[in-house]
Amino acid sequence: LNLFSYTASATVYAAAGGAAASVSVDNSNTYSAWARDNLSLNGIFDEEHKLIRDEARLFLTHQTEKYDLIFIDPPTFSRSKRFKNTFQVQRDHVELIELALSRLSPDGILLFSTNFKKFKLDYDAFKGLAVKDLTAVSVPEDYSRNKKIHQLWKITR
């Protein structure tokens, strides 16, 4: 499950790595069109790799399926016409991650990434879970001079 999928690049990597099925969710018409093109150009746009245009929190709320891998890379801030409230990653990350955890299979992995440079993960909200900071190993060499390009955590049960 790729939430806030933008151009679905993470989905392309997952499919190229052997993922038999995927779901990519984004609320933007533009990004959804780019995602469709990206999947098609990489030969993986079929019924097993679904694109859904929806607000991530609404999708998770109405979803019953469980996922082995969930990747979340939300924007720092978003205002959606379909979701009456704004989204602020610092304020709303706990709710978002908790919703995603409800859709995570028992042995699944949740990856949470953000580009918000001042972001602080609320570790206390996830007591009882294994939370590992993967930021240092996830920054590409091209960005070695600016290691604050993003942050990444792996969350498991």
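**View 1. The buried pair E55 and R57.** Both E55 and R57 are buried (buried means under 20% relative accessible area, exposed over 50% and partly exposed in between, with a 1.4 Å probe and protein chains only). Their side chains meet in a salt bridge, with 3.1 Å from N to O, where the term stands for a side-chain nitrogen of Lys or Arg within 4 Å of a carboxyl oxygen of Asp or Glu. This is a predicted model, in which local features need pLDDT of at least 70 and side-chain atom pairs count only at pLDDT 80 or more, while totals for chains, interfaces and linings use all residues. Residues are numbered from 1 along each chain as its sequence is written, and side-chain values use heavy atoms, with hydrogens and water left out.

**View 2. The salt bridge of R91 and D92.** The side chains of these two residues, R91 and D92, come to 2.8 Å, N to O. R91 is partly exposed, with a relative accessible area of 46%, whereas D92 is buried, at 8%.

**View 3. The salt bridge of D124 and K127.** Between D124 and K127, the closest N and O atoms are 4.0 Å apart, and both residues are exposed. The structure holds three salt bridges.

**View 4. The open sheet.** Seven strands, in the order 3-2-1-4-7-9-8, form an open sheet with mixed pairing; strands are DSSP runs of E with at least two residues, numbered from the N terminus, and two of them pair if DSSP finds at least two bridges between them. Strand 3 (49-53) and strand 8 (130-133) stand at the edges, each with a single partner strand, so one side of each has no neighbour in the sheet.

Note on methods:
Helix = DSSP H or I, 4+ residues; strand = E, 2+ residues; numbered from the N terminus.
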